[in-house]
Amino acid sequence: ITTTQITELPNPGNDLSYIAMIAPGSSMNTMGGYGNFSSYGMPATSNLFTLDGMDDNDPFLNLNFSGATNLLLGQNEIAEASVVSSSYTGDYGTLAGANINYVTKSGANQFHGNATYEWNGRAMNANDWFNNQSGTPRPFSNANQWGASFGGPVRKDKVFFFFDTEGLAVLLPSSAPTNVPTQAFETAVLANLNATGLSASVPFYKQAFNLYNSAPAASAAKDVLAPGVDLNGNATGDGCNNYAGIGTKPCALQFRSVASNNTHERIYAGRVDFNLGSNDRMFVRYQQD
């Protein structure tokens, strides 16, 4: 897989492990569990990632070595990649899945660099179907992704340097139905606590109810749950209709939550290459996530 293919492949997040998707036998993981992809039916924990010949796997789960975003950042630094789907020969070994090997860029006798910035946000996306169904407005989203590199000679034909930095900062909403207690239920609970000698618990319950009532869009919650359903959506037997002090009113309402997930990650990588002679070369590379 060449530098041009790596650069031009549509790849939101610049996840290096996604490069393996263009190799035969690769299947994207869309069902949860471990890893981003499998190769010819082997589990993702059987894939081996190598960077400049060194293992680059997470030692705990044996997946691609990633940071806060679960993405394998560093695409802007890669000169070429190879995906070996059947790595049973002695050249590879270790694991029975695919071997994904990345070779990083190095400096040259000419100065070269690049910069890239990608953005995607609310203005570029339609509302979620379930949000439209419940009348929930389109939530705010913001995804920023960048990369920059620079390399060149320190001493012509002898010593070269290369530096790369990449990162992303995303705020992505997660749409899900959320149940909150009704005012009638809250009043009945507090009255019940006072009536049964548990008034010391009232401040705690008031604080808990305040969290529910302060949730964004809670004011738009509707009575759409079946009678006798608790906050978790489970049937409660007799139900809230028979709960002391609540009468026939519902105990829970439902709204569409669009709470945002916020995360960020950035990496810095540098490499220095030395031509020691016609037969001897050496390089040192450092990366920080």
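What follows is a conversation between a visitor and a guide about a predicted model.

Visitor: What makes Asp-52 and Arg-271 a salt bridge?

Guide: The closest N and O atoms of Asp-52 and Arg-271 are 3.8 Å apart. The cut-off is within 4 Å, so the pair counts as a salt bridge. A search of the whole structure finds 3 salt bridges.

Visitor: Why can one say that this pair ties together separate parts of the sequence?

Guide: Asp-52 sits in the loop between β3 (48–51) and β4 (54–55), while Arg-271 belongs to strand β12 (residues 260–275), so the pair ties together parts that are 219 residues apart in sequence.

Visitor: Which of the words buried, partly exposed and exposed fits Asp-52, and which fits Arg-271?

Guide: Asp-52 has a relative accessible area of 23%. Buried means under 20% and exposed means over 50%, so Asp-52 is partly exposed. Arg-271, with a relative accessible area of 9%, is under 20% and therefore buried.

Visitor: Why are Asp-52, Arg-271 and Asp-273 called a network?

Guide: Arg-271 bridges to Asp-52, and the side chains of Arg-271 and Asp-273 also meet in a salt bridge at 2.8 Å, N to O. Those contacts link Asp-52, Arg-271 and Asp-273 in a network of salt bridges. Asp-273 has a relative accessible area of 11%, so by the under 20% cut-off this residue is buried.

Visitor: What about Arg-285 and Glu-77: how do you know that they form a salt bridge?

Guide: Their closest N and O atoms are 2.8 Å apart, and the cut-off is within 4 Å, so this pair qualifies. Arg-285 lies in strand β13 (residues 281–288) and Glu-77 in the loop between β4 and β5 (78–84), so the pair ties together parts 208 residues apart in sequence. Arg-285 is partly exposed at 24%, whereas Glu-77 counts as buried at 2%.

Visitor: How do you know that β12 and β13 pair?

Guide: Strands need at least two bridges to pair, and β12 and β13 have 8, so they pair, in the antiparallel sense. Asp-273 gives one example, with Phe-283 as its bridge partner in β13.

Visitor: What makes β13 an edge strand?

Guide: β13 and β7 (112–121) each pair on one side only, and that makes them the edge strands. They belong to an open sheet of 5 strands in the order β7-β8-β9-β12-β13, with antiparallel pairing.

Visitor: And why is the pairing in the sheet β4-β3-β6-β5 called mixed?

Guide: This open sheet has 4 strands. β3 and β6 pair in the parallel sense over 4 bridges, whereas β5 and β6 run antiparallel, joined by 6 bridges. β3 and β4 are also antiparallel, over 2 bridges. With at least two bridges needed, the 2 between β3 and β4 suffice, so they count as a pair.

Visitor: Where are residues of this sheet matched as bridge partners?

Guide: Leu-48 is matched with Asn-99 in β6, and Leu-51 with Met-54 in β4. Ser-82 stands opposite Asn-101 in β6.

Visitor: What lies between β3 and β4 in their hairpin?

Guide: There are 2 residues between β3 and β4. Asp-52 is in this turn and has a positive phi of about 55°.

Visitor: Why are both faces of β3 described as covered?

Guide: In a regular strand, side chains alternate between the two faces of the sheet. Leu-48 and Thr-50 on one side are buried, as are Phe-49 and Leu-51 on the other.

Visitor: Which residues have the most contacts inside the largest nonpolar core?

Guide: Among them are Phe-49, Ile-78 and Val-83, in a core of 15 residues. The largest share, 3 residues, comes from β5. Ile-78 touches several residues, including Leu-16, Leu-51 and Tyr-102.

Visitor: How do you know that the span of helix α3 (residues 183–195) fits expectation?

Guide: Helix α3 has 13 residues and reaches 18 Å from its first C-alpha to its last, close to the 18 Å expected at 1.5 Å a residue. Its buried residues include Phe-185, Val-189 and Leu-193, and what covers the buried residues includes β10 (176–181) and α4 (202–213). Just after α3, Gly-197 takes a positive phi of about 75°.

Technical notes
Residues numbered from 1 in each chain as written. Predicted model: local features only at pLDDT ≥ 70, side-chain atom pairs only at ≥ 80, totals over all residues. Heavy atoms only, no water. Buried < 20%, exposed > 50% of the residue type's maximum accessible area, 1.4 Å probe, protein only. Expected span 1.5 Å × (residues − 1). Contact = heavy atoms within 4.5 Å. Core = buried A, V, L, I, M, F, W, Y, C linked by side-chain atoms within 4.5 Å. Lists of a residue's contacts leave out its neighbours within four places in sequence.
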